[in-house]
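Student: I should like a close look at the interior of this protein. Please treat the aromatic pairs, the nonpolar cores and the empty spaces in one connected account.

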Amino acid sequence: MADVFIVGIGVHPFGRTEGRSGLQQGAFAIRQALDDAGLDWGDMQFGFGGSDSAGNADTVVNEMGLTGLPIINVRNGCATGGSALIGAWQGIASGQYDLGVAFGFDKHPRGAFNAMPAEYSLPDWYGEAGMMVTTQFFAMKLQRYMAQHGITPTALGRVAQKAFDNGAHAPHAWRRSPVDLETILSSQMISDPLTKYMFCSPAEGGVALILASEQKARQLGRDRIRIKAAVTRTRPPGSFEVFSPSLSIERGGAPTLLASAAAFDMAGIGPDDIDVAQLQDTESGAEIMHMAENGFCGDGEQEEWLAEGWSRIDGKLPINTDGGCLACGEPIGASGLRQVYENVVQLRGSGGGRQVPGEPKTGYTHVYGAPGISGVTILER
């Protein structure tokens, strides 16, 4: 497979934008990415676009221009954006194209996500029993993990505190005000042990990435940010994931374990070689569990990591440097691409107040979503 480079990035601020559709937010991000790359819409040879609830991504041509561009629509849960990137990466790595765009957008209504049982091959009673409420599932899974590995509520609060501290320095973040630890821990309980500041919110936003072959990237003078790995994996036997109808007595692995191992193998590096990471943090416990599942620490070691500040901007592995989903919110189609956008910003050294010191050279992104799918991307400068 040939090398693929990210030559342009664009983002529409996350949060709430009245009067602008999700599709228009996606087009905004595409225009910004094209400007960043010094290219025009007519230069694009193909696209992969993702949206969960804001319409078909291919209809962005109504905003961008009718050039006959082939666009593949992607819908893959919280891994939608990451999957769009993988499709675009494959199109160039295979040698079929030289330039393409991966983009995602969404505009979710206020309130919790409203997944339907039938969409996940589940009977109606599963939803009637309340098991489609994701906040409940995350809390139950987290309680089990905390009991097994000695994770405290204070550690959950520290994840959220870090997120809001980082989000204050990210222009595209929704929540841009720091929140102190005591406020986080004492706020309204949503699903024990998770308080309201420990959950992300459905949101709006758009992200676009322009990808190029090595030859084209060199012509553009943009051959710095290389995609070293891009993979997705679904759940193996015995895993316990969102919307699982049961918990197997004989436990197995997890999609993140599979995706992470495959990505490191593809990139030819290991967890110790990563300089900055963006991990799925649908809620505080998710970030904690994913720290271990992605190989960055052992189960239970997160307590020390957070107490010592090792995952903060100036720590040994900065995690979710723009505040992650907790500070940015989660527009499903754009969220995974936001992670990659943030890593490009970090590898370019243009993160401002959230910039990781020491000129980071490798960036890692991880997304996880229902009904048990994970995507990992590794970038290298």
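Tutor: The account below begins with the aromatic rings and then turns to the cores, some single residues and the empty spaces.

This is a predicted model, in which local features need pLDDT of at least 70 and side-chain atom pairs count only at pLDDT 80 or more, while totals for chains, interfaces and linings use all residues. Residues are numbered from 1 along each chain as its sequence is written, and side-chain values use heavy atoms, with hydrogens and water left out.

Twelve aromatic pairs are present in the structure. Rings of Phe, Tyr and Trp (its six-membered ring) pair if their centres lie within 6.5 Å; planes under 30 degrees apart count as stacked, over 60 as edge-to-face and the rest as tilted. For Phe137 and Phe240, the ring centres are 5.3 Å apart and the planes stand at 65°, so this pair is edge-to-face. Phe137 belongs to helix H5 (residues 134-149) and Phe240 to the loop between strand E8 (226-234) and helix H9 (255-267), so the pair ties together parts that are 103 residues apart in sequence. Helices (H or I, at least four residues) and strands (E, at least two) are DSSP runs, numbered from the N terminus. Phe137 and Phe240 are both buried, a term that stands for under 20% relative accessible area, with exposed over 50% and partly exposed in between (1.4 Å probe, protein chains only).

Another pair is made by Phe164 and Tyr197, whose ring centres are 6.1 Å apart with planes at 85°, so this pair too is edge-to-face. Phe164 lies in helix H6 (residues 153-167) and Tyr197 in the loop between strand E6 (194-195) and strand E7 (204-213), so parts 33 residues apart in sequence are tied together. Phe164 counts as buried because its relative accessibility is 5%, whereas Tyr197, with a relative accessible area of 26%, is partly exposed.

Charged ends also meet rings. A charge sits over a ring if NZ of Lys or CZ of Arg is within 6 Å of the ring centre and within 35 degrees of the ring normal. The charged end of Arg175 sits over the ring of Trp174, 3.9 Å from its centre, and that of Lys316 sits over the ring of Trp310, 3.9 Å from its centre.

In soluble globular proteins, nonpolar side chains tend to be buried together. A nonpolar core is here a set of buried Ala, Val, Leu, Ile, Met, Phe, Trp, Tyr and Cys residues joined through side-chain atoms within 4.5 Å. The largest one has 54 residues, and those touching the most other members are Leu194, Ile274, Ala277, Ile288, Phe296, Tyr364 and Ile378. Ile274 touches Phe264, Ile269, Phe296, Leu317, Thr362, Tyr364 and Ile378, residues up to four places away in sequence not being counted; contact means heavy atoms within 4.5 Å. Another core, of 33 residues, lies apart from the largest one and has Val4, Ile92, Leu209 and Leu379 among its members.

Two residues of helix H9 merit attention. Ser260 is found in this helix and is buried, because its relative accessible area is 3%. Leaving aside neighbours within four places in sequence, Ser260 is in contact with Glu293, Asn294, Tyr364 and Val376. Ala262 is also found in H9 and counts as buried at 17% relative accessibility. With neighbours within four places in sequence again left aside, Ala262 is in contact with Val231 and Arg233.

Gly91 has its place in helix H3 (residues 80-93) and is buried, with a relative accessible area of 10%. Not counting residues up to four places away in sequence, Gly91 touches Phe46, Gln96 and Tyr97. Phe46 and Tyr97 form one aromatic cluster with Phe48.

The empty spaces remain. On a 1 Å grid over the protein atoms alone, a cavity is a set of points where a 1.4 Å probe fits but cannot get out, and a pocket is an open set with protein on both sides within 12 Å along at least five of seven lines; lining residues have an atom within 4 Å of a point. Grid points are joined across faces, edges and corners, and a volume is the space filled by probe spheres set on the points. The largest pocket has a volume of about 990 Å³. It is lined by 45 residues, of which Phe113, Thr134, Pro202, Glu330 and Ile332 are the closest to its centre. The largest cavity has a volume of about 70 Å³, and its lining includes Phe137, Glu293 and Tyr368. Helix H10 (284-293) and H5 each supply at least two residues of that lining, H10 giving the most, with four.
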